[in-house]
Amino acid sequence: MGFRLATAVIGLSVHTDDGPAARLGDGETELLVLDEDPDADPRGPTEAGLFHLAVRVPSRAALGATLDRIRDSWTLDGASDHRVSEALYLSDLAGNGVEVYRDRPRAEWPVADDGTVQMDTMPLDLGDLSAASDGAASLPRGTDVGHVHLEPSSLADARAFYVDALGFEVRQEWGESALFVAAGGYHHHVGLNTWNGRTDPAQGRGLAWFEVVVPTEAALDAAADRLAEHGVTRRGGGVAVTDADGIELRLRVEE
């Protein structure tokens with residue numbers, strides 16, 4: 001994600017900026033690291049990687065204000081009502097997808113008899129959303145990264161890693177082309193789709209790594225044990241591992 005898009009449009013605050021790397025967040029919690037590498041190869045059309053990064057705001061007023069900023073200085077790619085959430089979509093200049101969304105209350109999420117959520121993609125009333133805007137120039141405290149949506153080269157391999165090994169539960173499947181997984185009953189912490197037919201591991205620009213925060217040291221150790229065959233390494237107070245497409249996943253305990 002480009003610096004201007006992340007700050008002036010999305011509304012993230014700059015925590016530190018030391019030249020090639022900038023750390024951004026909600027003014028309190030760091031959410032995104034932008035690392036400039038002019039020598040990195042562009043992402044190829046067959047390479048796995050990021051579909052979109054999803055920034056979750058705590059209120060409809062904040063989402064409406066984000067819509068206003070996008071309309072003022074960027075291009076809106078799309079907007080959807082997913083039944084569990086309302087979402088805005090845009091892309092940076094390198095083609096990385098970005099979603100900004102707000103969740104509906106969990107009590108309103110449609111749930112099937114088997115306990116899985118029933119997300120959908122329906123039109124979003126942008127006029128009504130804009131009317132809810134609080135006019136803010138930046139994102140409020142309480143904003144976080146709600147989920148990461150990836151494009152794996154194999155949905156079966158992705159499922160084996162994120163569900164069977166890491167331990168996420170399947171929250172919804174869209175045929176044989178998309179899978180949404182999460183912990184704690186959330187609608188999805190990781191989305192996975194093969195809509196664009198990626199066939200090769202991630203190598204070029206885009207997502208370098210993403211982080212999953214777990215509640216306890218015991219949960220971290222259990223995840224590391226399940227992932228042991230994938231080459232887990234200890235890093236400070238957490239662990240790091242790569243998925244089947246070479247995307248690095250870091251796990252640490254919630255502070």
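User: Which residues of helix 2 are buried?

Analyst: This is a predicted model, so keep in mind that we're reading computed values. Buried here means under 20% relative accessible area. In helix 2 the residues that meet this cut-off are Ala62, Leu63, Gly64, Ala65, Thr66, Leu67, Arg69 and Ile70.

User: And what do those buried residues of helix 2 pack against?

Analyst: Start with the sheet: helix 2 covers residues 60–73 and lies across strand 6 (85–91) and strand 7 (97–103), at about 25° to strand 6. Two helices join in as well. The full set of packing partners is helix 1 (3–9), strand 6, strand 7 and helix 3 (126–131).

User: How far apart are the end C-alpha atoms of helix 2, and what span should its 14 residues give?

Analyst: The expected span is 1.5 Å times one less than the number of residues. For the 14 residues of helix 2 that comes to 20 Å, which agrees with the model, where the end C-alpha atoms are also separated by 20 Å.

User: Which residues does Ser133 contact, leaving aside its neighbours within four places in sequence?

Analyst: Ser133 sits in the loop between helix 3 and strand 9. A polar atom of its side chain lies 3.4 Å from the backbone nitrogen of Ala65, one of the buried residues of helix 2. The contact list for Ser133 is Ala61, Gly64, Ala65 and Asp68.

User: Moving to the sheet of nine strands, what is its strand order?

Analyst: It's an open sheet with mixed pairing. Its edges are strand 8 (122–123) and strand 10 (169–174), each pairing on one side only. Reading across, the order is 8-5-6-7-4-9-12-11-10.

User: How many bridges join strand 4 to strand 9?

Analyst: Strand 4 covers residues 49–56 and strand 9 covers residues 144–151, and the two run antiparallel. One place to look is Leu50, which stands opposite Leu150 in strand 9. The bridge count for strand 4 and strand 9 is seven.

User: Does strand 9 pair with strand 12 in the parallel or the antiparallel sense?

Analyst: Look at His149, whose bridge partner in strand 12 is Gly191. Strand 12 also pairs with strand 11, in the antiparallel sense over four bridges, and there Leu179 has Leu192 as its partner. Between strand 9 and strand 12 there are three bridges, and the sense is parallel.

User: Which residues of strand 12 point one way, and which the other?

Analyst: In a regular strand the side chains alternate between the two faces of the sheet. Strand 12 splits into two pairs, and all four residues are buried. One way point Val190 and Leu192; the other way, Gly191 and Asn193.

User: Which residue caps the N-terminal end of helix 4?

Analyst: Helix 4 has buried residues Leu155, Ala158, Phe161, Tyr162, Val163 and Ala165. Just after helix 4, Gly167 takes a positive phi of about 110°. At the N-terminal end, a side-chain oxygen lies 3.4 Å from the backbone nitrogen of Ala156, and the residue that supplies it is Ser154.

User: Is Asn196 buried or partly exposed, and what is its relative accessible area?

Analyst: Asn196 lies in the loop between strand 12 and strand 13. Beyond its neighbours within four places in sequence, it contacts Phe51 and Glu151, and a polar contact of 2.6 Å joins its side chain to that of Glu151. Partly exposed runs between 20% and 50%, so Asn196 counts as partly exposed, at 48%.

User: What order do the strands take in the sheet of four?

Analyst: This one is open too, with mixed pairing, and strand 13 (209–214) and strand 14 (233–235) are its edges. Strand 15 (residues 238–242) and strand 16 (residues 248–253) run antiparallel over four bridges, with Val241 partnered by Leu249. Helix 5 (residues 217–226) lies across strand 13, strand 14, strand 15 and strand 16. The order is 13-16-15-14.

User: Zooming out, what is the radius of gyration of the protein?

Analyst: The protein has five helices and 16 strands. For 255 residues the globule rule gives 18 Å, and the protein's own value is close to that, so it is as compact as a globular protein of that length. Of its residues, 44% count as buried. The radius of gyration is 18 Å.

Conventions: Residues are numbered from 1 along each chain as its sequence is written. This is a predicted model: local features need pLDDT of at least 70, side-chain atom pairs count only at pLDDT 80 or more; totals for chains, interfaces and linings use all residues. Side-chain values use heavy atoms; hydrogens and water are left out. Two strands pair if DSSP finds at least two bridges between them. Contact means heavy atoms within 4.5 Å. Axes are lines fitted to C-alpha atoms, for helices over the stretch in contact, and angles run from 0 to 180 degrees between N-to-C directions. Buried means under 20% relative accessible area, exposed over 50%, partly exposed in between (1.4 Å probe, protein chains only). A polar contact is a pair of N or O atoms within 3.5 Å; within protein, one must be able to donate a hydrogen and the other to accept it, and residues adjacent in sequence count only if both atoms are side-chain atoms. The radius of gyration is taken over C-alpha atoms; the globule rule is 2.2 Å times the number of residues to the power 0.38.
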